[in-house]
Amino acid sequence: CTALGIISWSLAFSQSSPSMLAEWRSLYRKAAASEAAGPMAQSMAMACEQQPSNDHALGFHAVAELMLAEEALNPMDKLQRFNEWKPVLEGVLSELPNDPDMALLRLGVQEHVPLFLDYHDDMPRDRAVVEQGIDSNHWAEDPEHQLFVQEFLLSLKATHNDPNPKR
């Protein structure tokens, strides 16, 4: 192996291919629809093992674990898992602050966590990043996910009594 070959291999595994992102998005949609994040968490844990420097994989894994926190029956387990995985998601967002996929994932978590956890401050920013993603056709090659995102934004606007929904 040459140094250039190692660098090329490393870059290939630190970035997400469109097909990998499409698969991970599909896992997220299924977990959100079924309220059962176990399969997503298992798949994303394996993806993180295979690609430990892939921020997208880590972001999707963190969100799966945060969704599992919501599914837990014991309130202490919920809080422990939330406190363990929220910083992981925040770390990914600090590395990818303008990534529409990561903003959508955090927005979904923020929308569903209880108010007492005080995890809602980034909702306006994340919503703007997601809306910019729609406007720039970020999900054009994944129309099923684009529709999912648009419907989520509409539900946010309805839930938060937005008097002027645009999407």
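The following exercises, each with a worked solution, concern a predicted model of a protein chain.

**Exercise 1. Overall composition**

Task: Determine how many helices and strands the protein chain has, and state the order of its elements.

Solution. Step 1: the count of elements gives eight helices and zero strands for the protein chain. Step 2: read from the N terminus on, the elements run α-α-α-α-α-α-α-α.

**Exercise 2. Burial, surface and contact range**

Task: Describe the protein chain by its buried share, its exposed area and the sequence separation of its contacts.

Solution. Step 1: the protein chain has 167 residues, and 43% of them count as buried. Step 2: the area that the protein chain exposes is about 9,400 Å², and carbon and sulfur atoms supply 57% of that area. Step 3: take the contacts between residues at least 6 apart in sequence; 61% of these join residues at least 24 apart.

**Exercise 3. The packing of α3 against α4**

Task: Establish the relative direction of α3 and α4, the hand of their crossing and the residues that meet.

Solution. Step 1: the axes of α3 and α4 cross at roughly 150° and come within 8 Å. Step 2: angles over 145 degrees count as roughly antiparallel, and α3 is therefore roughly antiparallel to α4. Step 3: the crossing of these two helices is left-handed. Step 4: on the α3 side, the contact is formed by G38, M40, A41, M44, A45, A47 and C48, which meet A57, L58, F60, H61, A64, E65, M67 and L68 in α4. Step 5: sorted by class, this contact of α3 with α4 has twelve nonpolar, two polar and one charged residues.

**Exercise 4. The packing of α4 against α5**

Task: Carry out the corresponding analysis for α4 and helix α5, residues 75-95.

Solution. Step 1: α4 and α5 pack at an angle of about 155°, and their axes are 8 Å apart. Step 2: this angle makes α4 roughly antiparallel to α5. Step 3: α4 and α5 have a left-handed crossing. Step 4: the α4 residues in the contact include L58, G59, H61, A62 and L66, and among the α5 residues that α4 meets are F82, W85, V88, L89 and V92. Step 5: the residues of the contact of α4 with α5 comprise eleven nonpolar, two polar and seven charged.

**Exercise 5. The packing of α4 against α6**

Task: Determine how helix α4 (residues 55-71) and helix α6 (residues 100-112) are oriented, and identify the residues in contact.

Solution. Step 1: the two helices pack at an angle of about 10°, with a distance of 10 Å between their axes. Step 2: an angle under 35 degrees counts as roughly parallel, so α4 and α6 are roughly parallel to each other. Step 3: their crossing is left-handed. Step 4: in α4 the residues are D55, H56, G59, F60, V63, L66 and E70; their partners in α6 are M102, L105, V109 and H112. Step 5: by class, the contact of α4 with α6 divides into six nonpolar, three polar and two charged residues.

**Exercise 6. Two residues in helices**

Task: Decide whether H61 and G133 are buried or exposed, and list their contacts beyond four places in sequence.

Solution. Step 1: H61 lies in helix α4. Step 2: the relative accessible area of H61 is 9%, under the 20% limit, so H61 is buried. Step 3: with neighbours within four places in sequence left aside, H61 is in contact with A41, M44, A45, C48 and W85.

Step 4: G133 lies in helix α7, residues 123-135. Step 5: G133 counts as buried, at 1% relative accessibility. Step 6: with the same exclusion, G133 is in contact with P100, H138 and W139. Step 7: G133 and D101 are 32 residues apart in sequence, and their C-alpha atoms are 8.4 Å apart in space.

**Exercise 7. Positive phi in loops**

Task: Locate E35 and D118, and state the phi and accessibility of each.

Solution. Step 1: E35 is in the loop between α2 (18-34) and α3 (38-50). Step 2: E35 is not a glycine, although its phi is positive, about 55°. Step 3: the relative accessible area of E35 is 64%, over the 50% limit, so E35 is exposed.

Step 4: D118 is in the loop between α6 and α7. Step 5: phi of D118 is near 55°, a positive value in a residue other than glycine. Step 6: D118 counts as exposed, at 55% relative accessibility.

Methods. Residues are numbered from 1 along each chain as its sequence is written. This is a predicted model: local features need pLDDT of at least 70, side-chain atom pairs count only at pLDDT 80 or more; totals for chains, interfaces and linings use all residues. Side-chain values use heavy atoms; hydrogens and water are left out. Helices (H or I, at least four residues) and strands (E, at least two) are DSSP runs, numbered from the N terminus. Buried means under 20% relative accessible area, exposed over 50%, partly exposed in between (1.4 Å probe, protein chains only). Contact means heavy atoms within 4.5 Å. Accessible areas come from the Shrake-Rupley method with a 1.4 Å probe; for residues, only the protein chains shown count as cover. Axes are lines fitted to C-alpha atoms, for helices over the stretch in contact, and angles run from 0 to 180 degrees between N-to-C directions. Angles under 35 degrees count as roughly parallel, over 145 as roughly antiparallel, 65 to 115 as roughly perpendicular and the rest as oblique. A crossing is left-handed if the near helix is turned anticlockwise from the far one by less than a right angle, and right-handed if clockwise. Ala, Val, Leu, Ile, Met, Phe, Trp, Tyr, Cys and Pro count as nonpolar, Asp, Glu, Lys and Arg as charged, and the others, Gly among them, as polar.
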